[in-house]
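Colleague: I've got a model open and I'd like to learn how to read it properly. Can we start with confidence and then move on to the helices?

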Amino acid sequence: MKKLVVFLFIFLIMFGTAIVYATNETDNTLVSETVTTNLVELKDKALKSLEDYQASYGNNTYGLAAYLLNIIRIYSIPFGFIGIVFAAIYRYVIGIRKLDVQDKGFGVLVAIITVMVICQVLPLIFAIVVKGWRG
């Protein structure tokens with residue numbers, strides 16, 4: 001098990017991160033300007049999206065809540081799949097020899113799927129209640 005965890009950790013470190021090495025000052029300045037430009041574009045895009053939600057819901061509070069629920073909805077998918085993989089490893093790989101770990105894996109699997117479904121459905125319910133019943 002330890003070897004598997006170490007292998008997965010090294011795999012995520014190698015392929016999950018991007019490191020930019022600059023060779024001299026001009027490359028360093030160019031990389032810095034590119035990163036700054038990308039960050040400014042991301043910030044402007046996020047603010048535009050937030051303003052769209054606020055205009056759509058007609059209220060700053062409801063718009064902010066809808067924007068945050070949408071962000072949660074988007075990011076719950078990858079985290080949910082990663083959680084499902086770990087729970088399946090506990091249930092089907094480690095749980096073959098240890099029954100208590102198998103039960104733990106099943107419980108975690110059910111909990112992760114439940115939270116993932118709630119995170120996917122909550123923005124829809126919010127939109128129906130606020131836009132439909134609020135008037």
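Modeller: Sure. This is a predicted model, and its confidence is lowest in helix 1 (residues 2-16), at a mean of 66, and highest in helix 3, at 92. Across the protein, pLDDT averages 82, with 78% of the residues at 70 or above.

Colleague: Over which residues does pLDDT stay under 50?

Modeller: That's residues 18-25. For that stretch the model has three contacts beyond four places in sequence.

Colleague: Okay, on to helix 3. Is Ser76 buried or exposed?

Modeller: Ser76 lies in helix 3, which covers residues 60-93. Ser76 counts as buried because its relative accessible area is 10%, and the cut-off for buried is under 20%.

Colleague: What does the side chain of Ser76 reach?

Modeller: The backbone oxygen of Arg73, at 3.1 Å. Beyond four places in sequence, Ser76 is in contact with Met116, Cys119 and Gln120. Met116 and Cys119 are themselves among the buried residues of helix 4.

Colleague: How do I read the spacing of buried residues along a helix?

Modeller: An α-helix has 3.6 residues a turn, so residues three or four places apart point the same way. In helix 4, the buried ones are Val101, Gly105, Leu109, Met116, Cys119, Pro123, Phe126 and Val130.

Colleague: And where does helix 4 kink?

Modeller: At Val121, by about 30°, shortly before the proline Pro123. End to end, helix 4 (residues 99-133) still reaches 49 Å between its first and last C-alpha, close to the 51 Å expected for its 35 residues at 1.5 Å a residue.

How values were computed: Residues numbered from 1 in each chain as written. Predicted model: local features only at pLDDT ≥ 70, side-chain atom pairs only at ≥ 80, totals over all residues. Heavy atoms only, no water. Helix = DSSP H or I, 4+ residues; strand = E, 2+ residues; numbered from the N terminus. Buried < 20%, exposed > 50% of the residue type's maximum accessible area, 1.4 Å probe, protein only. Polar contact = N/O pair within 3.5 Å; in protein donor to acceptor, adjacent residues only side chain to side chain. Contact = heavy atoms within 4.5 Å. pLDDT = per-residue confidence, 0-100. Expected span 1.5 Å × (residues − 1). Bend = angle between axes of the 7 residues up to and from the residue.
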